[in-house]
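Let's take a walk through this one, from its ring pairs to a pocket and then a ligand. Have the model open as you read.

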Amino acid sequence: MKIAVIGSCMVDLIAYTDTVPKAGETLVANEFAMGCGGKGANQAVAASKLGADVLMMGRVGDDAFADNTLANFEKYGVSTKHVNKVPGVSSGVAPIWVDADSQNRILIIPGANMHLLPADLHAAAEELKQCSMIILQLEIPLETVYAAIDFGNSNGIPVLLNPAPASTELDIDYACRCDYFVPNETELEILTGMPVGNDDEIAAAASTLLAKGLKNLIVTLGDKGALWMHGDQRQHVSAPTVSAVDTTGAGDGFIGCFAAELAADTDVATALGRAVSYASHSVTGKGTQTSYATVDEFAKWQS
Ligand code: ADP
């Protein structure tokens with residue numbers, strides 16, 4: 001069955017420099033790298049690498065970055081029929097400076113991502129209705145996220161919402177209408193206004209959020225794995241101990257894998273275990289989408 005990811009496409013523009021320039025200063029940096037990202041795109045690519053049939057719905061700009069993003073989706077087998085260019089607007093880009101101490105300074109310019117509007121769902125309605133799951137994040141307009149939840153609900157399609165980046169503007173009633181709500185610890189902290197410094201605090205914050213009426217709350221916990229809560233059930237899945245090289249995009253890998261497993265009819269507990277393991281594998285490699293394993297690579301790593 002098909003997975004629809006309705007979300008963001010970004011291009012990371014990474015400059016590696018010993019020192020960052022002050023206002024008015026020009027410096028020569030060491031290296032430059034460009035990478036495809038955006039939470040939506042990352043999740044789509046992870047699911048596709050695991051063999052899922054993925055339809056991406058998003059917006060890119062009227063520039064060379066757009067062609068790069070489209071080519072990247074095609075390389076990974078993600079359908080781009082509903083990734084459209086918006087005339088006169090830039091693609092979503094993230095200029096990043098990484099200094100000698102590996103400190104990041106990141107600017108996010110959402111660009112075309114903010115032009116994915118509720119009305120755009122109509123154009124893709126027939127194909128969306130064929131999907132077994134809709135995946136959403138918060139890097140597109142909130143009203144589009146809400147419209148996609150409405151669409152999923154009225155067509156009997158399960159919806160997974162990854163509330164990232166965290167927004168206190170998110171209407172919790174919409175979150176409760178999703179089948180899966182998947183924040184990380186920081187997002188849990190921002191959404192509840194409660195501390196998440198230790199296991200008890202995390203459990204208390206998660207319980208408070210669940211009590212608002214969420215169906216399935218899954219909190220990803222970095223090297224501690226993930227916590228799944230539904231009704232009065234609670235299950236913790238530990239992450240394997242790995243040598244972490246780059247944790248960027250681990251949460252997106254987790255969601256891509258979890259969705260791919262559910263689309264393949266795996267039960268939630270098993271899907272969760274695989275998603276934790278898949279995301280943990282991803283932190284052992286550099287980059288974001290490049291660190292996601294294919295089905296074969298993942299199977300080999302697990303054996
Ligand atoms: P995000 O990338 O959104 O911040 P997390 O940090 O919670 O998300 O990580 C998502 C998943 O990635 C975790 O559930 C875990 O499986 C894996 N992971 C992240 N960091 C590590 C780590 N240092 N060691 C092992 N697994 C990790």
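Here is a short report on aromatic pairs, one pocket and the ligand contacts.

This is a predicted model, so to speak of local features takes a pLDDT of at least 70 and side-chain atom pairs count only at pLDDT 80 or more, while totals for chains, interfaces and linings use all residues. Residues are numbered from 1 along each chain as its sequence is written, and side-chain values use heavy atoms, with hydrogens and water left out.

**Aromatic pairs**

Searching the whole structure turns up six aromatic pairs. Rings of Phe, Tyr and Trp (its six-membered ring) pair if their centres lie within 6.5 Å; planes under 30 degrees apart are stacked, over 60 edge-to-face, and the rest tilted. Among the pairs is Tyr146 with Tyr174, which is stacked at 4.0 Å centre to centre and 10 degrees between the planes. This pair ties together distant parts of the chain, with Tyr146 in helix H5 (residues 142-154) and Tyr174 in helix H6 (residues 172-176), 28 residues apart. Helices here are DSSP runs (H or I, at least four residues), numbered from the N terminus. Both Tyr146 and Tyr174 are buried, meaning under 20% relative accessible area with a 1.4 Å probe, protein chains only.

Tyr278 and Tyr292 make a tilted pair, 6.3 Å centre to centre with 35 degrees between the planes. Tyr278 sits in helix H10 (residues 268-282) and Tyr292 in the loop between H10 and helix H11 (295-302), 14 residues apart. Tyr278 and Tyr292 are buried too, and they form one aromatic cluster with Phe298 and Trp301.

**The second largest pocket**

Phe298 also helps line the second largest pocket, as do Leu50, Glu261 and Arg274, among others. A pocket here is an open set of points on a 1 Å grid over the protein atoms alone, with protein on both sides within 12 Å along at least five of seven lines; lining residues have an atom within 4 Å of a point. The space in this pocket is about 170 Å³, counted as what probe spheres set on the points fill. H11 gives the most to the lining, with four residues.

**Around the ligand**

The ligand is surrounded by 17 residues, and the closest include Thr220 and Gly251; the cut-off is a heavy atom within 4 Å. Three polar contacts (N or O atoms within 3.5 Å) are listed below.

| Residue and atom | Ligand atom | Distance |
|---|---|---|
| Gly222, backbone N or O | oxygen | 2.8 Å |
| Gly225, polar backbone atom | oxygen | 2.8 Å |
| Ser280, polar side-chain atom | nitrogen | 2.9 Å |

Conventions
Helix = DSSP H or I, 4+ residues; strand = E, 2+ residues; numbered from the N terminus. Buried < 20%, exposed > 50% of the residue type's maximum accessible area, 1.4 Å probe, protein only. 1 Å grid on protein atoms, 1.4 Å probe; cavity = no way out; pocket = protein on both sides within 12 Å on 5 of 7 lines; lining within 4 Å. Polar contact = N/O pair within 3.5 Å; in protein donor to acceptor, adjacent residues only side chain to side chain.
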